[in-house]
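Please open the structure in a viewer and keep the sequence at hand. The tour below proposes one selection after another and states what is to be found at each stop.

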Amino acid sequence: GAAPERFRTPDDAADRRAALSLPEAYVVLVGTATSLEHGFRAAAAAGLDAVVLDAAEGTEPHLADLASAAGLPERQAHIRGRIEVADRAAVLGGARAFIATSALTSWPWRAVEAMHLGTPVVAVESGVHRDVIAEGGVIAAETDLPEALEDALGDGARRLRVLATDRSRAFSWASSAERIWSLHADL
């Protein structure tokens, strides 16, 4: 997997974020309803709003309640479902950091996209995150997300931006196609 072809922060990113009613400073969260609690807690500790991407339709009220219970006021929880690619690039590109809260074993599409844009990435400990994100972000236990986010926003921000961009180069559709073609030729 890789970021979509020509995935970049659009020139009208600020307008796109305004149309989505997003604040100036925020972190992006992805995960399951149960795992997002830790991301909300980390955002609250950092004093930032949280933008949730890819929320299932109809879960907005539940996730807003979950954010509130985790210490993040409901007005600071911006729950979004699937949004178009350019809007997603605007949101990810404008984020102070990206947090993958779930340890599920599926491909971390949004983490790869965030790395591609140079957004500092923090992810919950999992084999998939270790393999895909590797040195391109911070891998932490769920309970350590507030400290990991603090580092990603503070002294580690510049370093993580560079590492994320470097790591994202390992994932491209052209190299994936080349490897599949090579495998097919070997068979």
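**A tour of the sheet, the pocket and the aromatic pair**

Begin by selecting β4 and β5, which pair in the parallel sense over 3 bridges. The model on display is a predicted one. Within this pairing, pick I99; its bridge partner in β5 is V122.

Stay with β4 and show its side chains. A97 and I99 point one way from the strand, while F98 and A100 point the other way. Each of these four residues is buried. Now turn to β5, residues 121-124, and do likewise: V121 and A123 point to one side, V122 and V124 to the other, and all are buried. Such a pattern has a general background: in a regular strand the side chains alternate between the two faces of the sheet.

Next, add strand β1, which covers residues 26-30 and is joined to β4 by 4 bridges. The two strands run parallel. Select V30 to see that this residue stands opposite A100 in β4.

**The whole sheet**

Widen the selection to the full sheet. In what order do its strands lie? The order is β3-β2-β1-β4-β5-β6, in an open sheet of 6 strands with parallel pairing. The edges are held by β3 (77-79) and β6 (138-140); each has a single partner strand, so one side of each is left without a neighbour in the sheet. On average, neighbouring strands of this sheet are turned by 20° against each other, direction ignored.

To visit one edge, select β2, residues 49-52, together with β3. These strands run parallel and are joined by 3 bridges. V52 is the residue to pick here, as it stands opposite I79 in β3.

**The largest pocket**

Now display the surface and look for the largest pocket, which has a volume of about 380 Å³. Its lining consists of 18 residues. Which of them lie nearest the centre of the pocket? They are V30, G31, S106, W107 and P108. The elements giving two or more residues to this lining are β4 (97-100) and α5 (109-116). Of the elements, α5 gives the most, with 3 residues. Colour the lining by class, and 9 nonpolar, 6 polar and 3 charged residues appear.

**The aromatic pair**

Remain at W107 and add W109 to the selection. The structure holds 1 aromatic pair, and W107 and W109 form it in an edge-to-face arrangement. Their rings are 6.1 Å apart centre to centre, with 65° between the planes. Are these two residues buried, partly exposed or exposed? W107 counts as partly exposed because its relative accessibility is 28%. W109 is likewise partly exposed, with a relative accessible area of 37%.

**A last stop: I133**

Finally, select I133, in the loop between α6 (127-132) and β6. Is I133 buried or exposed? Its relative accessibility is 0%, so I133 counts as buried. Add A164 to the selection: 31 residues separate I133 and A164 along the chain, and their C-alpha atoms are separated by 8.0 Å.

Terms used:
Residues are numbered from 1 along each chain as its sequence is written. This is a predicted model: local features need pLDDT of at least 70, side-chain atom pairs count only at pLDDT 80 or more; totals for chains, interfaces and linings use all residues. Side-chain values use heavy atoms; hydrogens and water are left out. Rings of Phe, Tyr and Trp (its six-membered ring) pair if their centres lie within 6.5 Å; planes under 30 degrees apart count as stacked, over 60 as edge-to-face and the rest as tilted. Buried means under 20% relative accessible area, exposed over 50%, partly exposed in between (1.4 Å probe, protein chains only). Two strands pair if DSSP finds at least two bridges between them. Axes are lines fitted to C-alpha atoms, for helices over the stretch in contact, and angles run from 0 to 180 degrees between N-to-C directions. On a 1 Å grid over the protein atoms alone, a cavity is a set of points where a 1.4 Å probe fits but cannot get out, and a pocket is an open set with protein on both sides within 12 Å along at least five of seven lines; lining residues have an atom within 4 Å of a point. Grid points are joined across faces, edges and corners, and a volume is the space filled by probe spheres set on the points. Ala, Val, Leu, Ile, Met, Phe, Trp, Tyr, Cys and Pro count as nonpolar, Asp, Glu, Lys and Arg as charged, and the others, Gly among them, as polar.
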